[in-house]
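Me: I should like to learn how particular features of a protein model are to be read. Please take me through them one at a time, with the general idea ahead of the case.

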Amino acid sequence: MSTEKIVADEGARLDFANEMSYGDYLHLDEVLGAQHPLSPEHNEMLFIIQHQTSELWMKLMLHELRAAIAAVARDELGSAFKMLARVSRIMEQLVHAWDVLATMTPPEYSAIRPYLSSSSGFQSWQYRCIEFQLGNKNAAMLKPHAHRPDRLAQVEAAWRAPSLYDESLRLLARRGLPVPADHVERDWTRPYEASDAVEQAWLVAYRAPDTHWDLYQLGEELTDLEDAFRLWRFRHVTTVERVIGFKRGTGGTSGVGYLRKMLDVVLFPEIWKLRTDL
């Protein structure tokens, strides 16, 4: 049977002169027209699309994280768990995206690097919002966005708001677990500091999971999330070292040295420490 007959038999719609098409719905003209290489190099298209698609995944991640944080604040853990599971799967996509970029060799990257000027993923406002919503607060990271008041406002809002972990601890406190008062209300712009008392609160749920099932599950969702985030960071630093070695990054950081330091940042410290103390 010919492909023409298959299509005809299916009765597929073929005329979109007066109907919304797939490309119309997704605004594909704008999306596919957003790649503008600055160099004559073949491999720059890979570099651009890798980062643009990562930003699209991060947009979805932020959409889910904001909703998950709000759901935890409303004690709607079922909805929060669904969203957090999706965030972890998005991070898996971002991890595998580095596999594609890793096909760029050092000479290929060196050929396009002069055209990048000082632009760097370090300046991604969406990534910064993700880190802030996960609790890695750092006021200095507002500065790269000062030239764009609209973007600065979005990043600053994430910096000032309670993180996912902050709202999780407030939930534990509402459920009667012994979270100290200075972790229920505090300056949310300050970096989170681990607390033995907070670990003890989590241990109540982990030692009696049948009694505190949804809080126990929340702890495991947070574990999954940070596990995926660590893999994303690790794959990032490995790809950078593979492509540029220990050269400084285009954004001015030490490159691999800076990224390796970020590997040591723990987002939900008590969730990890309690595994030793159970």
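Me: At what angle do helix α9 and helix α10 pack, and how far apart are their axes?

Reply: Two packed helices are described by the angle between their axes and by the distance between those axes. In this predicted model, helix α9 (residues 164–174) packs against helix α10 (residues 196–207) at about 60°, and their axes are 11 Å apart. The crossing of the two helices is left-handed.

Me: Which residues meet where α9 and α10 pack?

Reply: From α9, Tyr165, Ser168, Leu169 and Leu172 take part, and they meet Val198, Ala201 and Trp202 of α10.

Me: Into what overall architecture does this pair fit, that is, how many helices and strands are there?

Reply: The protein has 13 helices and zero strands. Its C-alpha atoms fill a box of roughly 65 × 55 × 35 Å along the principal axes. Of the contacts between residues at least 6 apart in sequence, 70% join residues at least 24 apart.

Me: Let us turn to burial. Is Ser88 buried or exposed?

Reply: Burial is judged by relative accessible area, with under 20% counting as buried. Ser88 has a value of 1% and is therefore buried. This serine belongs to helix α5 (residues 77–101). Beyond its neighbours within four places in sequence, Ser88 is in contact with Asp224, Leu225 and Ala228. Across the protein, 41% of the 278 residues are buried.

Me: What should I look for at the surface, and which residues make a nonpolar patch there?

Reply: The accessible surface comes to about 15,200 Å², and 56% of this belongs to carbon and sulfur atoms. Met20, Tyr22, Tyr25 and Leu26 make a nonpolar patch of about 520 Å². Tyr22 lies in helix α2 (residues 22–26). Because its relative accessible area is 63%, Tyr22 is classed as exposed.

Me: Backbone geometry remains. What is the phi of His27, and what is that of Ser117?

Reply: Most residues other than glycine have a negative phi. His27 is not a glycine, yet its phi is positive, at about 55°. Ser117, likewise not a glycine, has a positive phi of about 55°.

Me: Where do these two residues lie, and how exposed are they?

Reply: His27 is in the loop between α2 and α3 (28–32), and with a relative accessible area of 47% it is partly exposed. Ser117 is in the loop between α6 (106–116) and α7 (125–133); Ser117 is exposed, at 56%.

Conventions
Residues numbered from 1 in each chain as written. Predicted model: local features only at pLDDT ≥ 70, side-chain atom pairs only at ≥ 80, totals over all residues. Heavy atoms only, no water. Patch = residues over 30% accessible without salt bridge, like charges linked within 9 Å, V, L, I, M, F, W, Y side chains within 5 Å. Areas by Shrake-Rupley, 256 points an atom, 1.4 Å probe, with all protein chains shown as cover. Salt bridge = Lys/Arg side-chain N within 4 Å of Asp/Glu carboxyl O. Helix = DSSP H or I, 4+ residues; strand = E, 2+ residues; numbered from the N terminus. Buried < 20%, exposed > 50% of the residue type's maximum accessible area, 1.4 Å probe, protein only. Axes fitted to C-alpha atoms, helices over the stretch in contact; angles between N-to-C directions. Left-handed = near helix turned anticlockwise from the far one by under 90°. Contact = heavy atoms within 4.5 Å.
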